[in-house]
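Let's walk through the charged side-chain pairs of this model together. Take a look at the sequence and the fold, then follow the questions below.

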Amino acid sequence: MMGAIEIPLQNGVKFVDGLDGFPAFGVTSEADLKSPYKMILSDHLQDFALIATVRPQSSSGGWVFSVVNSLDTVVQLGLLLEPTAGGDQWNATLYYTDAKKERISQPLASFQVPYGKSWMKMIFKVLPDQVVFYYNCLEAGVAPVKKEPRKLVFDSASTVYIGQAGPVLKQKFEIPFGSIQLANDPPIQHRLANARWPRSGGTYPSALCLWKCAGLYL
């Protein structure tokens, strides 16, 4: 997904210190990061895992990323972070929409995480009938879902946006990115499905535990 960020960096993008001292990309509201989806993604998704390491900078939230249809009116796949009404948590919502049938972007599952501006590591493991959510190495929730369609096929002229949802839906997000990745191949799915994830209350000593838990080094 980070292939939408080109070197040399565009306006509104800079290098920042990331998790464990690794470099990351800082994105401001001036940035316009986008790419034809075919340059980054396969033409469809079925069972998959979304892996995101981010650090919110603006209190209003916004789109971490989105895959938007050719009219820039429907988010087919995306991750939206918004503060709750009480302002003490983020709603992390995964969107999954069949743009051929729906005119409005459809949320698939939403989970709440502590509000703040520190690095957060999230995995959404999307299975046929549920979404399992992991936050900073801990299993933080499971949501039963009915995926429609079972296989998500992207509009042939879809665009991947980073830190926004395009010129129509907008909601730009000022945010440093460590990584945004989709795991859509069977070997990675197998490792995710069989990993022994700790539930809330467990701890790991390394900030890289997200990958070590599942045996992922993407």
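A salt bridge here is a side-chain nitrogen of Lys or Arg within 4 Å of a carboxyl oxygen of Asp or Glu. This is a predicted model, in which local features need pLDDT of at least 70, side-chain atom pairs count only at pLDDT 80 or more, and totals for chains, interfaces and linings use all residues. Residues are numbered from 1 along each chain as its sequence is written, and side-chain values use heavy atoms, with hydrogens and water left out.

Q: How many salt bridges does the count come to by this rule?
A: The rule asks for a Lys or Arg side-chain nitrogen within 4 Å of an Asp or Glu carboxyl oxygen. Applied here, the count comes to 3 salt bridges.

Q: Which residue meets Arg150 in a salt bridge?
A: The N to O distance of this pair is 2.9 Å. Arg150 lies in the loop between E12 and E13, and its partner lies 103 residues away in the loop between E4 and E5; strands (E, at least two residues) and helices (H or I, at least four) are DSSP runs, numbered from the N terminus. The partner is Asp47.

Q: Which residues are joined into one network by salt bridges that share partners?
A: Asp47 also forms a salt bridge with Lys147, at 3.4 Å from N to O. That pair links distant parts of the chain, 100 residues apart, with Asp47 in the loop between strand E4 (44-45) and strand E5 (48-54), and Lys147 in the loop between strand E12 (138-144) and strand E13 (152-153). Through shared partners, the network joins Asp47, Lys147 and Arg150.

Q: Is Lys147 buried or exposed?
A: Buried means under 20% relative accessible area, exposed over 50%, and partly exposed in between (1.4 Å probe, protein chains only). Asp47 has 22% and is partly exposed, and Arg150 is partly exposed at 35%. Lys147 has a relative accessibility of 5%, so it counts as buried.

Q: Which residue forms a salt bridge with Lys34?
A: The closest N and O atoms of this pair are 3.8 Å apart. Lys34 is partly exposed, with a relative accessible area of 45%, and its partner is partly exposed too, at 35%. That partner is Asp32.

Q: What percentage of the residues in the protein chain is buried?
A: For the wider setting, the protein chain has 3 helices and 15 strands. Of its 218 residues, the buried ones make up 51%.
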